[in-house]
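User: Please take me through one strand of this protein and what surrounds it. I am new to reading structures, so keep the steps short.

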Amino acid sequence: MRTMAHKRRNTILAVSGKGGVGKTTISALILKYLTLKRPLPNILVLDVDPDTNMPDVLGMRVDRAHTVGGIAHELREQIKKGKLKPNFNKASYLESKTFEIMIEEEEFDMIVMSKSEGTGCYCFINSAMSGIIDTLQDGYHYVVIDTAAGLEHFSRRTMKDLDHLFIVTDPSKMGLKTAKRIITMTTELEISVGNVHIIGNRFTPENESILRKYFENEGENVDVLGILPQDPEIQRLNLMGKSLLEIPIDNPLYQGIHDFMKLVNL
Ligand SMILES: Nc1ncnc2c1ncn2[C@@H]1O[C@H](COP(=O)(O)OP(=O)(O)OP(=O)(O)O)[C@@H](O)[C@H]1O
Ligand SMILES: [Mg+2]
């Protein structure tokens, strides 16, 4: 018999940072790390970037109809054309559609948000969708969220409270400044973040001390995990349309992620 007394405690991870710094790549490698755990945990991947990159790095094809943006668009069209009966239950329609568009792989499930098109505010749809996705996350041991560049996910609260926020920066002042702004936003907003981890991607060892110094006084829940190297294999896999999950476990970039995950007890 199932008891409802204890809701399963899950772990929600998100990857953030400036544009092009390696968020999607790092999300995919974190996913690889989690899929190698035994027993295999239940994993949900949320691609909340309107540009939808996660399927590309995982060697998957997802058409727009199979995204949250797609089903929201569809519903909007029906509303616009006045096609819905007055008693049509939009919330339960969206909920059942969300399950339909869920991509079920052997080792993880994935939901792709994609762009929401059109003008005008369909606030009802937006808030219904974030409610549905919030609830859905409870059924998984791990949720991995690949975010879009910038900060709007934090302000629009498209994310639930996070256990771990990984902020990626490249070796540039712009990357560092964006990372700092993200840290500031997480403290100003309602969303609660357990731990913030800074990752320097494509860094050379000589520059690691600059990274560490820059985030020296950010408070006790912010740590610099370390640096990841520039890696030729990543680009080759991506160009060939292969999944990053196929990267060998002795690849230096994957090794770096592996060590970071151990450091944060994941
Ligand atoms: N350590 C690395 N070594 C080599 N190439 C890398 C590395 N990290 C990322 N890349 C490459 O850099 C490009 C951008 O990476 P990625 O798409 O992961 O960044 P992003 O932050 O998700 O970008 P966006 O802001 O557009 O979503 C990709 O072509 C990726 O293969
Ligand atoms: Mg990306």
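Analyst: Here is a close look at strand β1, then at its surroundings. Keep in mind that this is a predicted model.

Strand β1 runs over residues 11-17. How many of its residues are buried? Seven of its seven are, and the strand is mostly covered. Look at the two faces in turn. On one side sit T11, L13, V15 and G17. On the other side sit I12, A14 and S16. Every one of these residues is buried, and both faces are covered.

Next come the partner strands. β1 pairs with strand β5, which spans residues 142-146. The two run in the parallel sense, over five bridges. To find this pairing on screen, start at T11: its bridge partner in β5 is Y142. β1 also pairs with strand β6, residues 162-169. That pairing is parallel too, and it has five bridges. Here, begin with S16, whose bridge partner in β6 is I167.

Now stay with β6 and pick out D163, which belongs to that strand. Is D163 buried or exposed? D163 has a relative accessible area of 17%. The cut-off for buried is under 20%, so D163 counts as buried. What does its side chain reach? It comes to 2.6 Å from the backbone nitrogen of I12, and I12 is one of the residues of β1. Leaving out residues up to four places away in sequence, D163 touches R9, N10, T11, I12, G194 and N195. Two residues in that list, T11 and I12, belong to β1.

Move on to ligand 1. There are 19 residues around it. Those that come nearest are G20, K23, T24, T25 and D231. Three polar contacts are worth finding. A polar side-chain atom of T25 is 2.6 Å from an oxygen atom of the ligand. A backbone N or O atom of P229 is 2.9 Å from a ligand nitrogen. A polar backbone atom of D231 lies 2.7 Å from a nitrogen atom of ligand 1. On its own, the ligand has 640 Å² of accessible area, and the protein covers 81% of that.

Last, the nonpolar cores. The largest one has 42 residues, and I198 and F215 have the most contacts inside it. Helix α5, residues 123-137, gives the most to this core: six residues. A second, separate core has 39 residues. Among them are V144, V168, Y254 and L266.

Methods:
Residues are numbered from 1 along each chain as its sequence is written. Chains are lettered from A and ligands numbered from 1 in the order in which they are written. This is a predicted model: local features need pLDDT of at least 70, side-chain atom pairs count only at pLDDT 80 or more; totals for chains, interfaces and linings use all residues. Side-chain values use heavy atoms; hydrogens and water are left out. A nonpolar core is a set of buried Ala, Val, Leu, Ile, Met, Phe, Trp, Tyr and Cys residues joined through side-chain atoms within 4.5 Å. Buried means under 20% relative accessible area, exposed over 50%, partly exposed in between (1.4 Å probe, protein chains only). Helices (H or I, at least four residues) and strands (E, at least two) are DSSP runs, numbered from the N terminus. A residue is near a molecule or strand if one of its heavy atoms lies within 4 Å of it. A polar contact is a pair of N or O atoms within 3.5 Å; within protein, one must be able to donate a hydrogen and the other to accept it, and residues adjacent in sequence count only if both atoms are side-chain atoms. Accessible areas come from the Shrake-Rupley method with a 1.4 Å probe; for residues, only the protein chains shown count as cover. Two strands pair if DSSP finds at least two bridges between them. Contact means heavy atoms within 4.5 Å.
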